[in-house]
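Subject: A structure for you to look at

Hello,

Here is the structure I promised to pass on to you. Please open it and keep it beside this email while you read.

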Amino acid sequence: CGGLSVGSHTFTRNNITGGFLLFDSAQATPFPYNNITGNLVLLGSASASDLIASNNTVNLPAASSIQNAIYLAGTDGTVNVGAGTYTPFGNVSGDPSGVTIQTTEGAVIDGSVLPADKRIVELSGDGMTFSGFTVNGIGTGVGNVGISVDGQGVTVSGNTINNTQTGIQTHTPGNAIITGNTITAAYGVSLQSVGNTVSGNTVTA
């Protein structure tokens with residue numbers, strides 16, 4: 001598409017390739033069940049927080065923002081991340097719940113752009129899934145965390161985490177599923193919450 005004006009209308013079950021969404025008013029806009037391919041740009045007087053996004057599928061190319069894609073996917077949505085290198089992401093104020101962020105193409109999250117003591121990936125929405133990524137840190141003695149789990153019932157599976165002080169760290173409220181990850185870190189998995197299930201991970205300290 002070139003540009004689509006969504007404004008105060010319901011915008012659903014569309015196939016969108018590239019282009020942009022033009023908001024004609026800063027009103028909450030229902031935005032469910034769309035299929036988005038490419039780096040969708042939001043223009044106008046509103047922002048992604050004005051979309052009532054849910055159940056969207058976002059197919060993300062390299063050098064795009066994973067965090068913006070999470071907002072566009074919305075509750076119970078899916079972000080399919082293509083091959084390439086991406087910047088760290090996370091929203092401490094809370095992501096949509098139930099979002100699946102996945103790659104089958106070897107996407108890499110590069111933590112070298114962050115200060116030494118930061119979290120490279122931060123998953124704050126309940127029921128999120130994060131799988132298939134390589135997460136690269138900047139050293140095992142400098143305080144950085146590969147994947148931080150802040151939501152409840154989050155699944156972290158099949159990732160490779162390299163060169164961090166802590167590979168995966170959970171926080172309240174817990175009930176995370178951490179499985180099938182390969183971690184090279186000073187501390188593999190740090191559980192600071194309850195009810196977590198940890199299985200089938202390979203850790204090299």
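Let me start with a question: is Val-149 buried or exposed? Val-149 counts as buried, because its relative accessibility is 1% and the cut-off for buried is under 20%. Please bear in mind throughout that this is a predicted model.

You will find Val-149 in strand β17, which covers residues 145–149. Leaving aside neighbours within four places in sequence, Val-149 is in contact with Leu-123, Val-154, Val-156, Ile-168, Gln-169, Thr-170, His-171 and Ala-176. For Ala-176, the C-alpha atom is separated from that of Val-149 by 7.7 Å, and the two residues are 27 apart along the chain.

One of those contacts, Thr-170, leads to the next strands. Thr-170 stands opposite Leu-191 in β21. The strands here are β19 (residues 160–170) and β21 (residues 182–191), which pair in the parallel sense over 8 bridges. On from there, β21 pairs with β23 (residues 202–204), again in the parallel sense, over 3 bridges. In that pairing, Thr-182 has Thr-202 of β23 as its bridge partner.

While you are in this region, have a look at the loop between β19 and β20 (177–179), where Pro-173 lies. The peptide bond from Thr-172 to Pro-173 is cis, with omega near 15°.

Now for the charged side chains. Side chains of opposite charge can pair when their charged atoms come close. A search of the whole structure finds 2 salt bridges. Which residues are linked in a network of salt bridges? They are Arg-119, Glu-122 and Asp-150. Between Arg-119 and Glu-122, the closest N and O atoms are 2.7 Å apart. The side chains of Arg-119 and Asp-150 also meet in a salt bridge, at 3.6 Å from N to O. This second pair links distant parts of the chain, with Arg-119 in strand β14 (residues 119–123) and Asp-150 in the loop between β17 and β18 (155–157), 31 residues apart. As for exposure, Arg-119 is partly exposed, with a relative accessible area of 33%. Glu-122 is buried at 11%, and Asp-150 is buried at 18%.

Next, please move to the part of the chain around helix α1. Strand β8 (residues 57–60) and β9 run parallel and are joined by 4 bridges. Leu-60 stands opposite Val-81 in β9. Together, β8, helix α1 (residues 66–73) and β9 make a right-handed β-α-β unit. Strand β9 also pairs with β12 (residues 100–102), in the parallel sense and over 3 bridges. There, Val-79 has Ile-101 of β12 as its bridge partner.

In a regular strand the side chains alternate between the two faces of the sheet. For a case of this, look at β9 (residues 78–81): Val-79 and Val-81 form its covered face, while Thr-78 and Asn-80 form its uncovered one.

How many of the 8 residues of α1 are buried? The count is 6, so the helix is largely enclosed by the rest of the structure. The buried residues are Ile-66, Gln-67, Ala-69, Ile-70, Leu-72 and Ala-73. At the N-terminal end of α1, Ser-65 acts as a cap, with a side-chain oxygen 3.4 Å from the backbone nitrogen of Gln-67. At the other end, α1 is followed by Gly-74, whose phi is positive, near 70°.

Two residues other than glycine also deserve a click. Asp-76, in the loop between α1 and β9, has a positive phi, near 65°. Asp-76 is partly exposed, with a relative accessible area of 46%. Tyr-33 has a positive phi too, near 60°, and lies in the loop between β4 (29–32) and β5 (35–37). Tyr-33 is partly exposed as well, with a relative accessible area of 41%.

I hope this helps you find your way around.

Best wishes

Technical notes:
Residues are numbered from 1 along each chain as its sequence is written. This is a predicted model: local features need pLDDT of at least 70, side-chain atom pairs count only at pLDDT 80 or more; totals for chains, interfaces and linings use all residues. Side-chain values use heavy atoms; hydrogens and water are left out. Buried means under 20% relative accessible area, exposed over 50%, partly exposed in between (1.4 Å probe, protein chains only). Two strands pair if DSSP finds at least two bridges between them. A crossover is right-handed if, with the strands pointing away from the viewer, the path from the first strand over the helix to the second runs clockwise. Contact means heavy atoms within 4.5 Å. A salt bridge is a side-chain nitrogen of Lys or Arg within 4 Å of a carboxyl oxygen of Asp or Glu. A polar contact is a pair of N or O atoms within 3.5 Å; within protein, one must be able to donate a hydrogen and the other to accept it, and residues adjacent in sequence count only if both atoms are side-chain atoms.
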